[in-house]
Amino acid sequence: MLSVGTWIYIGAAIASLVILTVVLTITGGNSSNVTPGGGTLVGAHNIVKTYRVDDRYFYQGLEFVQGSTNQLLMGEGWWGKSNLALMEIDEEAKSISRVASYPINSAYFGEGVTYFPADSRIYQLTWKDGVLVVYENLQDPTKLKEIPLPSQIGEGWGLTHDADYIYISNGSTKVYVVVPNSTGLSIQRVISANVGYRTPMFNEIELVGDYIYANAYTTNDIYKFSKIDGTLVKIYNFADLANLQKKEVQSLGQSYSYDWGNNVLNGIAYRQETNTFLLTGKKWDFMFEVALTD
Ligand SMILES: [Ca+2]
């Protein structure tokens, strides 16, 4: 005959088994982080280097100046404060400084920027103003003209390029592939990222090879997907970088005045010679150089 204690023990064991089975079913059935090929969507990274930036900028666009190892093209947003800017890396000092800035029309809210090698011009998006500002001369930009953003795109968020096309994000999971023409921009095709149940709002973007890397607004995530067919390859989470920024803000006693909801990761610049990325966020005190390891 079994004692009451034994019955309690067996009962607890059965309950544990049921709970374990339920947990395994839930986690085992969670195929949402698995690619069609069976790999994981969860990306991994290492911080290679940390650079301090000379001021807090509202990053909306970031990329390396073509052919340069230490200069970045940057687009800054906000009403009355929007700029096209050049930033320079000091490797020894581990710092990055703004070396030149060119204010855009003070009525505009600046967004993504990119240099388009096919016409040697710089394009800067505006958020809801329906225009792009076009510049020539990368080292001392001169405003050439303003062109309309195709109405189908709606809002302007992020910009990047390859040899043939300019790519535009608009806060959705779509990326518009365009080319400049005599009157503005002509949409060639639309990439729909295969994000499943997720609803990222793509903001600053970067193109490396056949893949687009996109910041997802209000998060510290970067989505990697194919520019060919939108296949989602990885989702990288950079909460570690955001936490370092948070610690800095806290150490300065500025927690009450810092805009935690808005000042998320939003800046991706691919560094070709080291196969790394410089990442930052709106109003962050740092740029982090990271290697994507998976
Ligand atoms: Ca970028």
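# Reading strands, hairpins and odd phi values

Reader: Let's start with a hairpin. How many residues lie between S3 and S4, and which one in the turn has a positive phi?

Author: There are 6 residues between S3 and S4 in this hairpin, and Trp-78 in the turn has a positive phi of about 100°. Bear in mind that this is a predicted model. As a general idea, most residues other than glycine have a negative phi. Two more hairpins are worth a look. S4 and S5 have 4 residues between them, with Lys-94 in the turn at a positive phi of about 55°. The hairpin of S2 and S3 has 6 residues between its strands, and there Gly-67 takes a positive phi near 85°.

Reader: OK, zooming out: in what order do the 8 strands of the open sheet come?

Author: General idea again: strands of a sheet pair through backbone hydrogen bonds, either parallel or antiparallel. Here the order is S2-S3-S4-S5-S1-S20-S19-S18, and the pairing is mixed. Strand S2 (59-64) and strand S18 (265-271) sit at the edges, each pairing on one side only. Going from one strand to the next, the twist averages 30°.

Reader: Which way do S1 and S5 run relative to each other, parallel or antiparallel?

Author: Parallel: S1 is joined to strand S5 (residues 95-103) by 2 bridges. You can find Val-53 opposite Ile-96 in S5. Now go to strand S20 (residues 286-292): S1 (residues 45-53) runs antiparallel to it, with 7 bridges joining the two. His-45 has Leu-292 as its bridge partner in S20.

Reader: And how many bridges do S2, S3, S4 and S5 make along that run?

Author: Take them pair by pair. S2 and S3 run antiparallel and are joined by 5 bridges, with Leu-62 opposite Met-74 in S3. S3 and S4 are also antiparallel, over 6 bridges, and Leu-73 has Leu-86 as its partner in S4. Strand S4 (residues 83-90) then pairs with S5 in the antiparallel sense over 8 bridges. Look at Leu-86 once more: its bridge partner in S5 is Ala-100.

Reader: Why is S3 described as largely enclosed by the rest of the structure?

Author: Because 5 of the 6 residues of strand S3 (residues 71-76) are buried.

Reader: Back to phi. Ser-120 and Lys-283: which of them is buried and which is exposed?

Author: Start with Ser-120, in the loop between strand S6 (110-116) and strand S7 (121-126). Its phi is near 55°, a positive value in a residue other than glycine. Ser-120 is exposed, with 11 other C-beta atoms within 10 Å. The cut-off for that label is 12 or fewer. Lys-283 lies in the loop between strand S19 (276-281) and S20, and its phi, near 65°, is positive too. Lys-283 counts as buried, with 20 C-beta neighbours inside 10 Å. That label starts at 20, by the way.

Reader: One last sheet: which strands sit at the edges of the open sheet S14-S15-S16-S17?

Author: That sheet has 4 strands in the order S14-S15-S16-S17, with antiparallel pairing. The edges are strand S14 (202-208) and strand S17 (232-237), each pairing on one side only. The twist averages 20° from one strand to the next. Inside it, strand S15 (residues 211-216) pairs with strand S16 (residues 221-226) in the antiparallel sense over 5 bridges. To see that pairing in the viewer, find Ile-212 opposite Phe-225 in S16.

Methods. Residues numbered from 1 in each chain as written. Predicted model: local features only at pLDDT ≥ 70, side-chain atom pairs only at ≥ 80, totals over all residues. Pairing = 2+ DSSP bridges. Axes fitted to C-alpha atoms, helices over the stretch in contact; angles between N-to-C directions.
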